[in-house]
Amino acid sequence: MDTIACSSCFVDQGLRLDAEQIGIAGDASCPNCGSTEGKKLDKSFLSSLAYRFFVWGSFGRTEYGGAPLIQFNELQKTTITPPPWMQADVALFESLLGIGFFYYGPRLWMVGEIEPLKALESLKERPKIIAKILKTYPSRHIESNRNFYRIRKDPKHPDLHTEFDSPPNPYLGSGRLDSLELPILYASPDLEVCVHECRVTAEDELYLATLVPSRVLKVLDLSVIPDESESVTEFESLDMAIHQLFMAGKHSYEITRAIAGAAKQAGFDGIIYPSYFSLLRLGLMPLRTTYGLSHRRAPELQAQEESFTVPNLAVFDRPIESGLLKVACINKLVLSRVAYEFHFGPASF
Ligand SMILES: [Zn+2]
């Protein structure tokens, strides 16, 4: 390993801690600061540190999508203004990597300027795009040997199967897909997703139901990257529209509920959709690009991008009451340890 710096070289505490995670322990003294204690960084580790701290660390969400506010490359001089304690740190990156940091003007598709998404926001054009979604995304069969999980916080009668059904009417209309017209039972094959999406805390009494379909379920799968012509750009992509729609907050629920309603009308039992939590669960930066092109539009990267999605299942109406889903088992769920992983970014620049 060709050490050029170490975690002790940095003044900013966030950069030091990030460098400790990325670097490797070793007895040799650092050629830059002379420390023997710091975790050692070679050129590629130092470059990873610059990316994670400045690029990912400055990622800001917009109404749909989002983008990093800082970028760096070997062609530009630094034009950001780091806080006083970080100036020597920035100078170290500049001299050792030959790079400059600058304000990034994102490609507009990254911040939601996508034609199908704009059309979904318009009440007039929405039905046309939803019809296209139903035609473009695959229909999947879920066999009756598949398990799904559903968690309830503080149920009155934890042994009662219907406690795990879609919520009663007064509670409808607060989730991503449910409305008074269409109750939804949310479940997932991934237990960690379930725990996260329930926003549980240590004080909650938690119960877990294992659910199995009583017959083959026919669902609309929105978690895959559909076949779109390679000539379709990010600006025109239905996939990019759906991807950003399911990443977005409450302002997007009106649209996702309309998609659920249309899928129900079309005879589906439910929807598989990408989890809001996927990226966090897998520790990935949203909307990854190379030279401003989305990885989701690159054919050689699509299988990998798809594997980054943890699917969620939404079943229409009240499937436990109707017998479509059976409660195979109910357990108490005990939170024994909660772990968070994090890294840092600049607070001002
Ligand atoms: Zn050092």
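Phenylalanine 342 is exposed in this structure, with a relative accessible area of 54%, and this residue is a convenient place to begin a tour of the aromatic rings. The model is a predicted one, and the structure holds nine aromatic pairs. The points below take up two of these pairs, a cluster of rings, and a lysine placed over a ring.

**The pair of phenylalanine 342 and phenylalanine 344**

- Phenylalanine 342 forms an aromatic pair with phenylalanine 344, and the arrangement is edge-to-face, with 5.9 Å centre to centre and 75° between the planes.
- Phenylalanine 344 is partly exposed, at a relative accessible area of 25%, whereas its partner phenylalanine 342 counts as exposed because its 54% is over the cut-off of 50%.

**The pair of phenylalanine 10 and phenylalanine 93**

- The ring centres of phenylalanine 10 and phenylalanine 93 are 5.4 Å apart and the planes stand at 25°, so this pair is stacked.
- Because phenylalanine 10 lies in the loop between strand E1 (5-6) and helix H1 (13-22), while phenylalanine 93 belongs to helix H3 (residues 87-97), the pair ties together parts that are 83 residues apart in sequence.
- Phenylalanine 10 counts as buried, at 1% relative accessibility, and phenylalanine 93 likewise counts as buried, at 1% relative accessibility.

**The ring cluster**

- Phe10 and Phe93 also belong to a cluster, in which ring pairs link them with Phe53, Phe54, Phe72 and Phe101.

**A charge over a ring**

- Lysine 218 lies over the face of phenylalanine 268, at 4.7 Å from the ring centre.

Definitions and conventions:
Residues are numbered from 1 along each chain as its sequence is written. This is a predicted model: local features need pLDDT of at least 70, side-chain atom pairs count only at pLDDT 80 or more; totals for chains, interfaces and linings use all residues. Side-chain values use heavy atoms; hydrogens and water are left out. Rings of Phe, Tyr and Trp (its six-membered ring) pair if their centres lie within 6.5 Å; planes under 30 degrees apart count as stacked, over 60 as edge-to-face and the rest as tilted. Helices (H or I, at least four residues) and strands (E, at least two) are DSSP runs, numbered from the N terminus. Buried means under 20% relative accessible area, exposed over 50%, partly exposed in between (1.4 Å probe, protein chains only). A charge sits over a ring if NZ of Lys or CZ of Arg is within 6 Å of the ring centre and within 35 degrees of the ring normal.
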